[in-house]
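Got the model open in your viewer? Follow along and select each stop as we get to it.

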Amino acid sequence: PVFPNNAAQHLIRTMIDQYDKQLHIFWEVTTVDNALKHQIITYVEYSFLVTLHNCQTNSITHSIYDIVQYMFDTYGRVTPQMVSNREDKLHRVIYDLKRPIGTMYVAIEDNVDYSEDDGCLYTQT
């Protein structure tokens, strides 16, 4: 940090503390960003990310937001047919009494969430 001329010792100490906090936040955000990028690159098949790859740096230099937005815009479309297929699959499920009932509720809620991506909202009935 740059200190004003003739600054009091407590002001200098305060400025140093603020700088240290900001530097800590910067490194924390950078570390989380790098970890998220690493997870995306590790778990998403490369063919889906190939257009984001920078040949000069041999890496993906886009922000997490840009990567996720690209993935959603390119591959995130949900069609009514896809919703119908998931609903048909849910109707064919035979519930096993040995399993907790919560697994069935989760499957239904997942189907509702999936349909919301297409704009086809289910009702509570």
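Start by selecting Tyr75. Leaving out residues up to four places away in sequence, Tyr75 touches Ser47, Phe48 and Tyr70, where a contact means heavy atoms within 4.5 Å. Draw a distance between the C-alpha atoms of Tyr75 and Phe48: you should get 8.5 Å, for two residues 27 apart along the chain. Tyr75 sits in helix H3, and with a relative accessible area of 38% it is partly exposed. For that label and its relatives, buried means under 20% relative accessible area, exposed over 50%, and partly exposed in between (1.4 Å probe, protein chains only).

Two ground rules before moving on. This is a predicted model, in which local features need pLDDT of at least 70 and side-chain atom pairs count only at pLDDT 80 or more, while totals for chains, interfaces and linings use all residues. Residues are numbered from 1 along each chain as its sequence is written, and side-chain values use heavy atoms, with hydrogens and water left out.

Now zoom out and switch to cartoon. The protein chain has five helices and two strands, and from the N terminus they run α-α-β-β-α-α-α. Helices (H or I, at least four residues) and strands (E, at least two) are DSSP runs, numbered from the N terminus. Of the 125 residues, 12% count as buried. Turn on the surface, and its accessible area comes to about 10400 Å², 59% of it belonging to carbon and sulfur atoms; the areas come from the Shrake-Rupley method with a 1.4 Å probe, and for residues only the protein chains shown count as cover. Among contacts between residues at least 6 apart in sequence, 42% join residues at least 24 apart.

Next, select residues 9-43, which is helix H1. How far apart are its end C-alpha atoms? They are 51 Å apart, which agrees with the 51 Å that its 35 residues should span at 1.5 Å a residue; the expected span is 1.5 Å times one less than the number of residues.

Stay on H1 and pick out Ile12, Lys37 and Ile40, which are buried. What covers the buried residues of H1? The cover includes helix H2 (46-49), strand E2 (59-60) and H3.

H1 also holds two side-chain pairs to show as sticks. The count of salt bridges comes to two, a salt bridge being a side-chain nitrogen of Lys or Arg within 4 Å of a carboxyl oxygen of Asp or Glu.

- Asp17 and Arg13 meet at 3.2 Å, N to O. They lie four residues apart in H1, about one turn of the helix. Asp17 is partly exposed at 35% relative accessibility, and Arg13 is partly exposed at 43%.
- Asp33 and Lys37 meet at 3.7 Å, N to O. These two also lie four residues apart in H1, about one turn of the helix. Asp33 is partly exposed at 24%, whereas Lys37 counts as buried at 17%.

Keep Asp33 and Lys37 on screen and add Ile64. Setting aside neighbours within four places in sequence, Ile64 is in contact with Asp33, Leu36, Lys37 and Ile40.

From Ile64, widen the selection to Ile40, Leu49, Leu52, Ile60, Ile64, Ile67 and Met71: these seven residues make up the largest nonpolar core. Helix H3 (residues 64-75) gives the largest share of this core, three residues. A nonpolar core here is a set of buried Ala, Val, Leu, Ile, Met, Phe, Trp, Tyr and Cys residues joined through side-chain atoms within 4.5 Å. In soluble globular proteins, nonpolar side chains tend to be buried together.

For a contrast, select Tyr19, Leu23, Phe26 and Trp27. They form a nonpolar patch on the surface, with about 420 Å² of accessible area together. Trp27 belongs to helix H1. Patches are made of residues with over 30% relative accessible area and no salt bridge, with like charges joined within 9 Å and nonpolar side chains (Val, Leu, Ile, Met, Phe, Trp, Tyr) within 5 Å.

Last stop: two asparagines with positive phi. Asn6, in the segment before H1, has phi near 60° and is exposed at 82% relative accessibility. Then jump to Asn58, in the loop between strand E1 (53-54) and E2. Its phi is about 55° although Asn58 is not a glycine, and Asn58 is exposed, with a relative accessible area of 60%.
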